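Visitor: Please take me through one part of this model in detail. I would like to look closely at a single chain and how it meets its partner.

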Amino acid sequence: MNRIRRPSDFFSGLIFLGVGVFAIVQAIDYPLGTLRTMGPGYFPILVAVLLCGIGMTLVGKSAAGEAENPVTVSLWPLLVVLAGLLAFALTLLKAGLFVAIVLLVMIVGGASGKYRPLASAVLALALAAACVAIFVLALGQQLPVFGEWFDFRFW
Amino acid sequence: MDILANITLGLGAAITPSNLLYCFLGCFLGTLIGVIPGIGPTATIALLLPITFTLEPTTALIMLAGIYYGSQYGGSTTAIMVRLPGQAESVITAIDGHEMAKQGRGGVALATAALGSFFAGTVATILIAVSSPLLTRVALSFGPADYFSLMVFALLASVTVAQGSVIKAIGMILLGLMVGNIGTDVTSGTHRFTFGALALYDGINIIAVIMGLFGVAETIRNIERHRVMPVIAGKITSLMPTAQDFRNMAGPILRGTGLGSLLGILPGGGALLASFASYALEKRVARDRARFGHGAIAGVAGPESANNAGAQTSFIPMLTLGIPSNAIMAMLASAMIMRGITPGPRVMTDQPVLFWGLIASMWVGNAMLLILNLPLIGLWVRLARIPYHLLYPAILVFCAIGVYSMSSSTFDIYVMAAFGLCGYVLMKLDCEPAPLLLGMLLGPLLEQNLQRALMLSRGDLMTFIERPISATLLAVSVLSLLLVALPHVRRKREEALQD
């Protein structure tokens, strides 16, 4: 791994190269057409080839030049935020806006430093109430406040 | 007299009670969010975009423009009163503005910023009103080949003035073009890169991408930075600049306005670049350079005027040519497209009320900010103190609701989350997200114009060189790339962007 002097060049190059190759494999099935009458495959292939070129240049560059610091990614905040958004998307229609907001806020509260469950819960309830007021009552957007899970039927 | 008639038409649209109200709301909310440390204008607009969905187009654009300069104003308030490391948008104002605040002259710095911005905004508004009809006439004579070259020029030029590696920025543009390909091809009806998923047939929603890149990814990056508590500088005693202050700020404001107006029109230009350039210029022309960095009023007046002028004139290429020059204009362009208005030369002729109303509202908005903000500074400073761990959940909630309410599809929330992930990882690899957005927005147009140009020329590539406009634009694009590639210029460019 000591050959990689510029990890940010190396990894971004790999990403560009990966997307480029993947796009070529996909777009190879689309009719290419000619320069005069371009098919739907022409432009994507053109862009993908250029993307591969950029990717390879970056990977090549990563072996030379000034060494830079290693790239550090903090996985925890990233994963927690994504988990919160997924929970929101999954529950929004079934459980409704109120519950989805509470879930999102309670989950992402764990992303930074120390987790304070009580403070998070208070913030969650306040935000849920505020958002219902702003988006549903004031702006009149079509959002279920409480979803079908709360459609109790006693008859 | 045409201009006068147009401005009257615009003022008529801008000062209807509901448009005035939304202009005010935009300025107010923009400042409110913009004041929060770590949230720049781009993120502020991304966050507040959903609020405008239910409004009619003219009102929505007026509000969005208000949000834009409101957020800039909020950013400079934070820069002057609160010191936070690593905030790109108003880093220049912070250098001397915060020093002034520490010397108890924070109020004067804020007043200088407000006055400079107002003056620059007024001049830039007139400039837009005068130059837009001319540019529109030019744009209407463009053929497909010219448009293609213009877009190539806009994309490449935006890369050369941006921060960071040029190769990576070109990679990001291409990545954006690739994302723009997703969906049903307009000419042939072929489904490209849809993987059989119905949700992808209409392509990827650009607003979801914007919220992912500038809302979610930015938030993750801010959480990770282990935010330090901001340092608030002294109390505000007097807002009124002295006679000496007025004399010291007049020159920088004039120079900043000129420089900013010019840089705002360039692709990739806009507010940020303008303030950097103005600071460098002021430092060069100043008789007493030692004062810079120790509370020189010129270091606030120049960049603040330049930044507002640049913000305003960056509307010109978007409104007249349909080519957004930076991420913020790309967002406003998407907001227009969402309502069925294609940004470009036809807007002025087909939607004169929208066009001139927007321009007039810029001036109205700037006047409002001047009146609104100075008395409210106490409130803004208190807002800037709210700890981030209370703010970021609210930001994420806003993003999630906003992106859903746009088309009532939970799929867009997943798209936003995915682009949040991509944006974060790419930012970590020193790849700025703005070129991706420009590429995604211009991708379909680039392809259509390429197809049309080559169909008209019967497949002859020479058409791009034979047409004078196209040839000039391509030549300038190649030249600017070559210039950046030269080692000497590259070093200069890094210096200029750093200091």
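Guide: What follows is a look at chain A and its contacts with chain B. This is a predicted model, where local features need pLDDT of at least 70, side-chain atom pairs count only at pLDDT 80 or more, and totals for chains, interfaces and linings use all residues. Residues are numbered from 1 along each chain as its sequence is written, and chains are lettered from A in the order in which they are written.

Chain A has 5 helices and 0 strands (DSSP runs of H or I, at least four residues, and of E, at least two, numbered from the N terminus). Its radius of gyration, 24 Å, is well over the 15 Å that the globule rule gives for 155 residues, so chain A is more spread out than a compact globule (the radius is taken over C-alpha atoms; the rule is 2.2 Å times the number of residues to the power 0.38). The C-alpha trace spans about 65 × 45 × 30 Å along its principal axes.

Now the partner. In chain B, 53 residues are in contact with 55 residues of chain A (C-beta atoms, placed from the backbone, within 7 Å). Helix 17 of chain B gives the most to that side, with 11 residues.

Ile101(A) shows the link at one residue. Leaving aside neighbours within four places in sequence, Ile101(A) is in contact with Ala124(A), Leu127(A), Ala128(A), Cys131(A) and Val397(B).

Definitions and conventions:
Two residues are in contact if their C-beta atoms, placed from the backbone, lie within 7 Å.
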